[in-house]
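Colleague: Got a minute to go through this model with me? I'd like to take it piece by piece.

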Amino acid sequence: MTNWDHRFLAMAQLVATWSKDPSSKVGSVIADGKRIVSLGFNGFPAGTDDDPSIYDNRERKYRRVLHAEQNAMSFAKRDLTGCTIYITHPPCARCAAQIVQEGIKRVVCPSPSADFLVRWEDDMREARAMFKEANVVFVEAEPTREA
């Protein structure tokens, strides 16, 4: 990993703090080389009610929430072919499918915690399979290094 990888992963950590979800804060940065293309965090669609009570209702929250990766890709408003996406958590299979579809060629995220693996291991396995099939480089690293 380069210094820029560490910088963008740290930036994704900062962006994650912007999420209003009290239980899951996820951030994402899309970069083309050293240039930021887009940022995203998990939350409800723009213009919809983001009342905290909706976040407290798990079923309702999951029906509404957009993942950080989805928001970053949506807000990019440009071709993402060849870009790198930095995410604070390993991507789910649905986000991985969209990452592949957008032509993003590299995914960088921290190694998952044990409790994250318990909940998301099957999803992560499917995401990695898609990345391998589509020749998307998947890098796991800790974002603790000084950049």
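Colleague: Where is aspartate 21 found?

Modeller: Aspartate 21 is in the loop between helix 1 and strand 1 (27-32). Helices (H or I, at least four residues) and strands (E, at least two) are DSSP runs, numbered from the N terminus. This is a predicted model: local features need pLDDT of at least 70, side-chain atom pairs count only at pLDDT 80 or more, and totals for chains, interfaces and linings use all residues. Residues are numbered from 1 along each chain as its sequence is written, and side-chain values use heavy atoms, with hydrogens and water left out.

Colleague: Is aspartate 21 buried or exposed?

Modeller: Buried, with a relative accessible area of 2%. Buried means under 20% relative accessible area, exposed over 50%, partly exposed in between (1.4 Å probe, protein chains only).

Colleague: What does the side chain of aspartate 21 reach?

Modeller: The backbone nitrogen of serine 23, at 2.9 Å. Leaving aside neighbours within four places in sequence, aspartate 21 is in contact (heavy atoms within 4.5 Å) with Asn42, Tyr55 and Lys61.

Colleague: Switching to the sheet. What is the strand order?

Modeller: The order is 2-1-3-4-5, in an open sheet of 5 strands with mixed pairing. Two strands pair if DSSP finds at least two bridges between them. Strand 2 (35-41) and strand 5 (137-140) are at the edges; each has a single partner strand, so one side of each is left without a neighbour in the sheet. On average, neighbouring strands are turned by 15 degrees against each other, direction ignored.

Colleague: And in which sense do strand 1 and strand 3 pair?

Modeller: Antiparallel, over 4 bridges. Isoleucine 30 stands opposite isoleucine 85 in strand 3.

Colleague: Which strands does helix 1 touch?

Modeller: Helix 1 packs on the sheet and touches strand 1, strand 2, strand 3 and strand 4 (106-109). The direction of helix 1 makes about 145 degrees with that of strand 1. Axes are lines fitted to C-alpha atoms, for helices over the stretch in contact, and angles run from 0 to 180 degrees between N-to-C directions.

Colleague: What about helix 4?

Modeller: Helix 4 (residues 68-76) also packs on the sheet, touching strand 1, strand 2 and strand 3. Its direction makes about 130 degrees with that of strand 2. The buried residues of helix 4 are Ala68, Glu69, Asn71, Ala72, Met73 and Ala76. Their cover includes strand 1, strand 2, strand 3 and helix 5 (93-102).

Colleague: Which residue follows helix 4?

Modeller: Lysine 77, with a positive phi near 55 degrees.

Colleague: Now the rings. How many aromatic pairs are there?

Modeller: The structure holds 6. Rings of Phe, Tyr and Trp (its six-membered ring) pair if their centres lie within 6.5 Å; planes under 30 degrees apart count as stacked, over 60 as edge-to-face and the rest as tilted. Phenylalanine 8 and tyrosine 86 have ring centres 5.3 Å apart and planes at 45 degrees, so that pair is tilted. The pair links distant parts of the chain, with phenylalanine 8 in helix 1 (residues 3-16) and tyrosine 86 in strand 3 (residues 84-87), 78 residues apart.

Colleague: How buried is tyrosine 86?

Modeller: Tyrosine 86 has a relative accessible area of 3%, and phenylalanine 8 has 2%. Ring pairs link Trp4, Phe8 and Tyr86 into a cluster.

Colleague: Which residue lies over the face of tryptophan 4?

Modeller: Arginine 7, at 4.6 Å from the ring centre. The cut-off: NZ of Lys or CZ of Arg within 6 Å of the ring centre and within 35 degrees of the ring normal.

Terms used: A polar contact is a pair of N or O atoms within 3.5 Å; within protein, one must be able to donate a hydrogen and the other to accept it, and residues adjacent in sequence count only if both atoms are side-chain atoms.
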